[in-house]
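Reader: I'd like a close look at a single part of this one, with enough of the surroundings to see where it sits. Could you walk me through it?

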Amino acid sequence: MQTVVLKAPKGKYRVVGTDTFESPSPPYADYLIGDYASLDEAKHVADDKGAAMNLVYVYDATGKTLYRAGSF
């Protein structure tokens with residue numbers, strides 16, 4: 001399993017998905033969705049990709065979680 005870096009590039013927002021369906025318990029499989037220029041765009045993508053058993057997070061350049069979409 002490849003590790004996803006949570007820190008976004010400077011000035012960007014990183015959207016990362018966490019598939020809780022594939023693995024019934026942690027560690028779950030994280031996957032990079034993309035890096036976006038604005039927080040609003042990153043939130044929109046997260047809302048679009050988030051679903052039941054699929055959590056999607058938005059991170060800043062320090063690795064801080066700014067937003068979460070989807071449900072467990």
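Reader: Take strand β1: is it mostly covered or not, and how many of its residues are buried?

Author: Mostly covered: five of the seven residues in β1 are buried. Keep in mind that this is a predicted model, and what follows is computed from it.

Let's start with the setting. The protein has one helix and four strands, and along the sequence they come in the pattern β-β-α-β-β. With a radius of gyration of 11 Å, close to the 11 Å that the globule rule gives for 72 residues, the protein is as compact as a globular protein of that length. Its C-alpha atoms fill a box of roughly 35 × 25 × 15 Å along the principal axes. Over the whole protein, 31% of the 72 residues count as buried.

Now the sheet. The four strands form an open sheet in the order β2-β1-β3-β4, and the pairing is antiparallel. At the edges you find β2 (29-36) and β4 (65-69), each of which pairs on one side only. From one strand to the next, the twist averages 20°. Helix α1, residues 39-49, packs on this sheet and touches β1, β2, β3 (54-59) and β4, with its direction at about 175° to that of β3.

Back to your strand, then. β1 covers residues 13-19, and seven bridges join it to β2, the two running antiparallel. You can follow the register residue by residue: Y13 has Y36 as its bridge partner in β2, while R14 stands opposite D35 in that strand. Towards β3, six bridges join β1 to its neighbour, and that pairing is antiparallel too. A handy landmark there is T18, which stands opposite L55 in β3. While you have the strand on screen, remember that side chains in a regular strand alternate between the two faces of the sheet.

On the β2 side, L32 is worth a click. This residue sits in strand β2, and at 44% relative accessibility it counts as partly exposed, because that value falls between the 20% limit for buried and the 50% limit for exposed. Leaving aside residues up to four places away in sequence, L32 touches V4, R14, V15 and V16. Three of those names, R14, V15 and V16, fall within the 13-19 stretch of β1. V4 is the one to trace along the chain: L32 and V4 are 28 residues apart in sequence, yet their C-alpha atoms are 6.6 Å apart in space. For a view of the protein as a whole, take the contacts between residues at least 6 apart in sequence: 44% of them join residues at least 24 apart.

On the other side of β1, it pays to carry on into β3. Just ahead of that strand, M53 lies in the loop between α1 and β3. Its phi is near 70°, a positive value in a residue other than glycine. That's worth a second glance, because most residues other than glycine have a negative phi. As for cover, M53 counts as partly exposed, at 30% relative accessibility.

Within β3 you'll come across two tyrosines. A search of the whole structure finds one aromatic pair. It is made by Y57 and Y59, whose ring centres are 6.1 Å apart and whose planes meet at 35°, so the pair is tilted. Why tilted rather than stacked? Stacked would need planes under 30 degrees apart, and 35° is past that cut-off. Both partners are covered: Y57 is buried, with a relative accessible area of 18%, and Y59 is buried at 8%. Under 20% is what it takes to count as buried, so Y57 qualifies at 18%.

From β3 you can step out to the edge. Four bridges join β3 to β4, running antiparallel, and V56 has A69 as its bridge partner in β4. The hairpin of these two strands has five residues between them, and there G63 takes a positive phi near 90°.

One last number for the outside: the accessible surface of the protein comes to about 4600 Å², and 53% of it belongs to carbon and sulfur atoms. So if you go back to β1 with all this in view, you have a mostly covered strand, bridged to β2 by seven bridges and to β3 by six, with helix α1 touching it as well.

Methods. Residues numbered from 1 in each chain as written. Predicted model: local features only at pLDDT ≥ 70, side-chain atom pairs only at ≥ 80, totals over all residues. Heavy atoms only, no water. Pairing = 2+ DSSP bridges. Axes fitted to C-alpha atoms, helices over the stretch in contact; angles between N-to-C directions. Contact = heavy atoms within 4.5 Å. Rg over C-alpha atoms; globule rule 2.2 N^0.38 Å. Buried < 20%, exposed > 50% of the residue type's maximum accessible area, 1.4 Å probe, protein only. Areas by Shrake-Rupley, 256 points an atom, 1.4 Å probe, with all protein chains shown as cover. Phe/Tyr/Trp six-rings, centres within 6.5 Å; stacked < 30°, edge-to-face > 60°.
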